[in-house]
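Subject: Structure handover

Hello,

Here is the structure we talked about passing on. Please open it first; my notes follow below.

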Amino acid sequence: MPSRPRPRPKILIVLHQETSSSGRVGHMLLEEGFDLDIRRPPLGDALPCTLDDHAGAVVFGGPMSANDADEFVRRETDWLQIPLKENRPFLGICLGAQMLANHLGGKVEGHGEGLVEIGWYPLKATDAGKKLLHWPEMVYQFHREGFSLPKEATLLATAETYPNQAFRYGDNAWGIQFHGELTRVMMQRWVVRGAHRFELPGAQPGRDHLGGRLIWDMHLKRWLSEFLGLIFGRPAVG
């Protein structure tokens, strides 16, 4: 009698709006052999008390601040002790990275001169980052706050306006300020719904978001695939 195939390992996906999507991160993880366990804490979804049944977790971005007093923001930030304590692969993107920074004792705040990063901006890998993989020269941003580098964290990539763009803490916790997960449809939706933010100091007009995608997105997509492989590996075939 043939043995049953091994179940696909699950990645916990934490989203913050009803219409939010895991985008290319989700697509790539599925293609590599993972299943997605999607939770939306702002809508009342609980987070697991252990990641024993998961191969890792990704916390995505959202329009809220990591400093907000909302119950789910505090709950998510406190919950990060679980992947850290259990040494499970964890990736925080934008808000997720800021929650991780807060949890580790860092600070999340806006730029001193009120500047934002909304559009495509240059990125520079540090020596530590270059040892891990090749980084894109331009990345897509959509944020009004940044984070300080937590104590004992390693800076992997930097930029001019918000110098802390990517970091690693310990063996398995990672945070990035920029967005590599956006599909074309997602970017078009962000440009339409976020158009009111293009007037903020430092933001780029919507046409530059979509135009820049034609030039730089292929490099960002390639980087994202390698980065996810670095963090989560590839599951054994059952």
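Ala157 has Ala166 as its bridge partner in strand 11. This is a predicted model, so please read everything below in that light. Strand 10 and strand 11 (residues 166-169) run antiparallel and are joined by 3 bridges. Strand 10 also pairs with strand 7. That second pairing is antiparallel as well, with 2 bridges between strand 7 (residues 124-125) and strand 10 (residues 154-158). Two residue pairs can be named here. Ala125 has Ala157 as its bridge partner in strand 10. Lys124 stands opposite Thr158, again in strand 10.

Now the whole sheet. It is open and has 8 strands, in the order 2-1-3-4-12-11-10-7. The pairing is mixed. At the edges are strand 2 (35-39) and strand 7, each of which pairs on one side only. Helix 1 (residues 23-32) lies across strand 1, strand 2 and strand 4 (90-93). Its angle to strand 2 is about 145°.

Next, the packing. The largest nonpolar core holds 42 residues. The members that touch the most others are Leu91, Trp135, Phe178, Trp223, Phe227 and Phe232. Helix 7 (residues 206-232) gives the most to this core, with 7 residues. Another core, of 25 residues, lies apart from it; Leu95, Phe147, Phe167 and Ala173 are among its members.

Which residues does Trp135 touch, leaving aside those up to four places away in sequence? The list is Leu123, Ala125, Gly129, Lys130, Leu156, Ala157, Ala166, Phe178, Trp223 and Phe227. Ala157 and Ala166, the bridge partners from the start of this note, are both in that list.

Helix 2 (residues 71-79) is worth a look too. Its buried residues are Phe72, Val73, Glu76, Thr77 and Trp79. Seen down the helix axis, they fall within an arc of 160°, so they line one face of helix 2. What covers them includes strand 1 (10-14), strand 3 (56-59), helix 3 (81-86) and helix 4 (95-103).

Two backbone points to check. Most residues other than glycine have a negative phi. Asn87 is not a glycine, yet its phi is positive, at about 55°. Asn87 sits in the loop between helix 3 and strand 4. Its relative accessibility is 40%, so Asn87 counts as partly exposed. Cys94 also has a positive phi of about 55° and is not a glycine. Cys94 is in the loop between strand 4 and helix 4. Is Cys94 buried or exposed? Cys94 is buried, because its relative accessible area is 6% and the cut-off for buried is under 20%.

One glycine as well. Gly211 lies in helix 7. With a relative accessible area of 31%, Gly211 is partly exposed. Gly211 and Trp120 are 91 residues apart in sequence. In space, their C-alpha atoms are 9.7 Å apart.

Last, the annotation. UniProt, in an unreviewed entry, places the feature "domain: Glutamine amidotransferase" at residues 51-183. In the model, that span is 23% helix and 31% strand. Its end C-alpha atoms lie 28 Å apart.

Best wishes

Note on methods: Residues are numbered from 1 along each chain as its sequence is written. This is a predicted model: local features need pLDDT of at least 70, side-chain atom pairs count only at pLDDT 80 or more; totals for chains, interfaces and linings use all residues. Side-chain values use heavy atoms; hydrogens and water are left out. UniProt positions are given in the numbering used here, feature names are shortened, and annotations may be inferred rather than shown by experiment. Helices (H or I, at least four residues) and strands (E, at least two) are DSSP runs, numbered from the N terminus. Two strands pair if DSSP finds at least two bridges between them. A nonpolar core is a set of buried Ala, Val, Leu, Ile, Met, Phe, Trp, Tyr and Cys residues joined through side-chain atoms within 4.5 Å. Buried means under 20% relative accessible area, exposed over 50%, partly exposed in between (1.4 Å probe, protein chains only). Contact means heavy atoms within 4.5 Å. The arc is that of the directions from the helix axis to the C-beta atoms. Axes are lines fitted to C-alpha atoms, for helices over the stretch in contact, and angles run from 0 to 180 degrees between N-to-C directions.
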